[in-house]
Amino acid sequence: MRTLFAVALVAALPLAGWAASPAAHAVADASSSQDSVYLGYYQEDPATNHEDPTMGSVYLNLPASDSDFSGTMYFTYLGCQSHNLGTISGTKAGALLKGHWNGSIDGTQQTGTFTGTYSAAQSAYAGTFTVAGGKQRIDIPSCISYYIAPKGSFELFAIGKHVPSNFSVSMNGNAVSWNPPSGAVMTLVYVLDPAIANSGHGNATVWQTLVLGPQGSANLSDAGLLSGHAYLIAVGASDSRFHRLSFASSRFTAP
């Protein structure tokens, strides 16, 4: 069975991620709202899914006061996959987030819980999610086979946050580069449309990929970005135990 990692290695990816083209995303007016977005990553639990515990993009549009919030988790990595999106909704009460998510992952309907807590010391949210259907094998002939983990964790940071502070991300044309931390074995790279994320409607994740090994660059040529449009680039690296080593996001304008 080919796992997501095997597909990535055989195809010599770090550059094999795919997301829906910009035509599938409405372009919102960024001037209509201020940033209320926290973005980060989810990490499938390696203890219950040792075969292929994958990272992926997640963001939330959070209210300033106690109220409802929304966001998405994105599960698409390869062009032969379906457009896979988990829609998150819930309620913010003080430092606590409590909600659920639901969506389609390669033709299977999924749902689960999504809960977290804000840490003032870390200036970040952290929490867990579950999958009600438990661990599941997904097999797409001539494309990919992988497991959906029964649970996982997430971290969310303010736009522009660098963890640790010396972890940097830069853009040069369609190339993104970063200083890979020691011990990095997997790095999530994704592009977010901040206008859509701030609007609270639609899917703001435009593209994502996984870079395997200690590399420190990726190419966005296949991301289908709109020239002159403002985006966010986010990069998060993990070690062999699937612990987060670094995360950072930065604004850029597509060439």
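Two exercises on a predicted model follow, each with a worked solution.

Residues are numbered from 1 along each chain as its sequence is written. Local features need pLDDT of at least 70 and side-chain atom pairs count only at pLDDT 80 or more, whereas totals for chains, interfaces and linings use all residues.

**Exercise 1.** Determine over which residues pLDDT (the predictor's confidence in each residue, from 0 to 100) stays under 50.

*Solution.* Begin with the chain, whose mean pLDDT is 88, with 86% of its residues at 70 or more. Then locate the stretch under 50, which covers residues 6-34 and has 57 contacts (heavy atoms within 4.5 Å) beyond four places in sequence. Finally, bear in mind that predicted coordinates should not be read in detail where pLDDT is low.

**Exercise 2.** Identify the strands (DSSP runs of E, at least two residues, numbered from the N terminus) that pair with strand 10, where pairing requires that DSSP finds at least two bridges between two strands, and give for each the sense of the pairing.

*Solution.* Take strand 1 (residues 37-44) as the starting point: seven bridges join it to strand 10 (residues 151-158), and the two run antiparallel. Within this pairing, Y41 has E155 of strand 10 as its bridge partner. Turn next to strand 7 (residues 124-130), which is likewise antiparallel to strand 10 and pairs with it over seven bridges; here G127 stands opposite F154 of strand 10. Strand 10 is thus paired with strand 1 and with strand 7.

Terms used: Heavy atoms only, no water. Pairing = 2+ DSSP bridges. Helix = DSSP H or I, 4+ residues; strand = E, 2+ residues; numbered from the N terminus.
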